[in-house]
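Visitor: I'd like to go through this model with you and ask how you back up each description. Shall we pull it up?

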Amino acid sequence: MRPRDAATVMVFDRAGGRLRVLVGKRSAANVFMPDFYVFPGGRRDRCDFRHPFASDAHPLVIERLCNEGLSISRARALALAAVRELHEETGLWIGDANNGKADLSTLRYVARAITPPGNVRRFDTRFFCTFADETALDLTSLRDSEELSDLRWVDMDAISGLNMASITRTILEDVATLMHAEPSLPFGLGGPFYYERHGRFVRGTI
């Protein structure tokens, strides 16, 4: 099964000197990763190519995605998919909620993972992240949805107590390591790329 494009976004809150990340629990009825805590995200749709945006993604983000063989429009559509999925699953909007235009300028591209063969669903997922204080998110609009429930800001030190898929936890740990070295997460910073080759789990770089 050919993996489908998908995007997810890790939203970090660094207010009060402590780092927290937004996660939610997928429904038990979901075929893919039921009952696991995940970051908001989902597959890229055709509408993501047409969604209006006020500010484009950082040139280094576009460049890194295009280095993977994507067109500029497909690279941008992945960033727009991450913003759209965040809104659909949590109520949060990165951009101007009044005119519906997205702001892609704060998104960092930090990781990529391809679901191994043999799974009921396969995705080629690009992981973006942003900081809540950079996006001017209206945190009062945060609410559960049909796709994600028990939305919560989790202290990075308390992640171990959550039911997370190993790849989700691994990527979060990788990003935490990147932030330990570079707290601002520069846009040109590299990240991990996880995939399976000849039945073996491989960690490359984006």
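Visitor: How do the axes of helix α1 and helix α2 cross, and within what distance do they come?

Guide: Keep in mind that this is a predicted model. The axis of α1 (residues 59–66) and the axis of α2 (residues 72–90) come within 9 Å, crossing at roughly 115 degrees. The crossing is right-handed.

Visitor: What makes the meeting of α1 and α2 a contact?

Guide: Contact means heavy atoms within 4.5 Å. On α1, the residues that make the contact are I62, L65 and C66; on α2, they are I72, A75 and R76.

Visitor: Which kinds of residue make up the contact of α1 with α2: nonpolar, polar or charged?

Guide: Five are nonpolar and one is charged, with no polar residue in the set. Arg counts as charged, so R76 of α2 is the charged one.

Visitor: What about helices and strands in the whole protein chain?

Guide: The chain has four helices and 12 strands.

Visitor: Why is the protein chain called as compact as a globular protein of its length?

Guide: Set the two values side by side: the radius of gyration is 16 Å, and the globule rule gives 17 Å for 206 residues. Those are close, so the chain earns the description. Its C-alpha atoms fill a box of roughly 45 × 40 × 35 Å along the principal axes.

Visitor: How much of the protein chain is made up of buried residues?

Guide: Buried means under 20% relative accessible area, and 49% of the 206 residues are buried.

How values were computed: Residues numbered from 1 in each chain as written. Predicted model: local features only at pLDDT ≥ 70, side-chain atom pairs only at ≥ 80, totals over all residues. Heavy atoms only, no water. Axes fitted to C-alpha atoms, helices over the stretch in contact; angles between N-to-C directions. Helix = DSSP H or I, 4+ residues; strand = E, 2+ residues; numbered from the N terminus. Left-handed = near helix turned anticlockwise from the far one by under 90°. Rg over C-alpha atoms; globule rule 2.2 N^0.38 Å. Buried < 20%, exposed > 50% of the residue type's maximum accessible area, 1.4 Å probe, protein only.
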